Amino acid sequence: MGAQPEWLCSDKTMSARLSDYDYDLPQELIAQRPLQRREDSRMMVLHRAAQTIEQRQFRELKSFLRPGDLFVLNDTRVLPARRLSDDGAIEFLFLERLGPKHWKCLVRPGRKMRVGATAKIDNVTLRVEQITPDGERIAKLDEDVDLYAGGSMPLPPYINRPSDEKDAARYQTVFAHAPGAVAAPTAGLHFTPEMLSEIPHTFVTLHVGPGTFLPLRSEEIAEHRMHAERFSISPEAADKINNAERIVAVGTTVVRVLETAALETRPLKAVRFNKPQIQPRSGKTDLFIYPPFGFRVVDALLTNFHLPRSTLLMLVSAFAGREFLLRAYDEAIRERYRFYSYGDCMLIL
């Protein structure tokens, strides 16, 4: 969907340069492991109207609820998609099973896996048949096997260690249901079943792809194109969303699902609370949200702290305001918050 039409924008000003979304983060603040208990994360609360910031704990989330609130979470399940070749020379990230014996994957180092190159996994030969424009490999196996069966969790590149048995549980939300992601919807990692039972909620699905970690290559952010990711909204979820007074999106993936669904509502149907009626649907979204963007569905956002110069930081900047958000990031660094996937979170009201 690329750049947004003018009529969607909340104002006529924007920060269009990649360098506008940069900040310096001490490496020691990048969380390498999860806390012992999910709910022990810290939570920075941003009040957009007052432009104020609070330091709170995630377990206090319920205290910010209002009547008519609905939390919307992403119930995708992370696949154990990381595999090493039998000789340990090649790392594979299996993105999708395309059919019998055929897979789409990423490889590292790429120079060793050109078209025609082979490797073995569990003594089964894999051959590269095609390289896509995005560098993904289309590979064929000699035998039809499930490569996820022996895989490990695909931790993000900023976690500088191999995944282990604890990651199999902790790099997965407690409500993960629909297999298909190669990265966790990390804002949901803080929830326990007990906390979830205390708040009104529903689920949508977006299968997070590797594009979430891809860097922007142009200084002009409008030139960036997102990788398409599969999503779905059930009839039950659509009904709950349409009847809620305030939508609290848990994570940027949920924001992209809901705002995509709103954009696809043509023409706008009768609205409740001055919002478009979300329709049940399945499809793909390549929606890139950056300032300025007029949000139609999402009223509040729970999210983790994101990498500098990333599309995720741009989305949150569009929601909170870039200057306010970067001021909050400066404060988070001073207060020694834990950053990224296994880090602390931020509630933007």
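In this predicted model, strand 5 and strand 6 (residues 91-99) are joined by three bridges and run antiparallel. Across this pair, Leu 84 lies opposite Glu 91 of strand 6. Both strands belong to an open sheet of six strands. The order is 5-6-7-10-9-8, with antiparallel pairing. Strand 5 (82-84) and strand 8 (118-121) form the edges. Each has a single partner strand, so one side of each lacks a neighbour in the sheet. Neighbouring strands here are turned by 45 degrees against each other on average, with direction ignored.

Another open sheet has nine strands. Its order is 2-1-17-16-14-3-12-13-15, and its pairing is mixed. The edges are strand 2 (52-57) and strand 15 (281-285). Each edge strand pairs with a single partner, so one side of each is left without a neighbour in the sheet. The twist from one strand to the next averages 25 degrees.

Within the nine-strand order, strand 3 is followed by strand 12. Four bridges link strand 3 (residues 69-74) with strand 12 (residues 201-206), and the two run parallel. Phe 71 faces His 201 of strand 12 in this pairing. Helix 3 (residues 235-242) packs on the sheet. Its contacts are with strand 3, strand 12, strand 13 (229-233) and strand 14 (246-250). The direction of helix 3 makes about 125 degrees with that of strand 12. Helix 4 (residues 252-263) also packs on the sheet. Helix 4 touches strand 3, strand 12, strand 13, strand 14, strand 15 and strand 16 (300-304). For helix 4, the angle to the direction of strand 12 is about 85 degrees.

Helix packing was examined next. The axes of helix 5 (residues 311-320) and helix 6 (residues 322-334) come within 7 Å and cross at roughly 115 degrees. Helix 5 is therefore roughly perpendicular to helix 6. Helix 5 contributes Leu 313, Val 316, Ser 317 and Ala 320 to the contact. Helix 6 contributes Arg 322, Phe 324, Leu 325 and Tyr 329. By class, six of these residues are nonpolar, one is polar and one is charged.

The largest nonpolar core has 72 residues. Those with the most contacts inside this core are Met 44, Leu 46, Ile 233, Ile 241, Leu 258, Phe 339 and Met 346. Beyond its neighbours within four places in sequence, Phe 339 touches Tyr 23, Leu 25, Leu 29, Ile 30, Ala 31, Phe 305, Tyr 329, Ala 332 and Ile 333. A second, separate core has 22 residues, including Phe 92, Trp 103, Ala 117 and Ile 121.

Definitions and conventions
Residues are numbered from 1 along each chain as its sequence is written. This is a predicted model: local features need pLDDT of at least 70, side-chain atom pairs count only at pLDDT 80 or more; totals for chains, interfaces and linings use all residues. Side-chain values use heavy atoms; hydrogens and water are left out. Two strands pair if DSSP finds at least two bridges between them. Axes are lines fitted to C-alpha atoms, for helices over the stretch in contact, and angles run from 0 to 180 degrees between N-to-C directions. Angles under 35 degrees count as roughly parallel, over 145 as roughly antiparallel, 65 to 115 as roughly perpendicular and the rest as oblique. Contact means heavy atoms within 4.5 Å. Ala, Val, Leu, Ile, Met, Phe, Trp, Tyr, Cys and Pro count as nonpolar, Asp, Glu, Lys and Arg as charged, and the others, Gly among them, as polar. A nonpolar core is a set of buried Ala, Val, Leu, Ile, Met, Phe, Trp, Tyr and Cys residues joined through side-chain atoms within 4.5 Å. Buried means under 20% relative accessible area, exposed over 50%, partly exposed in between (1.4 Å probe, protein chains only).
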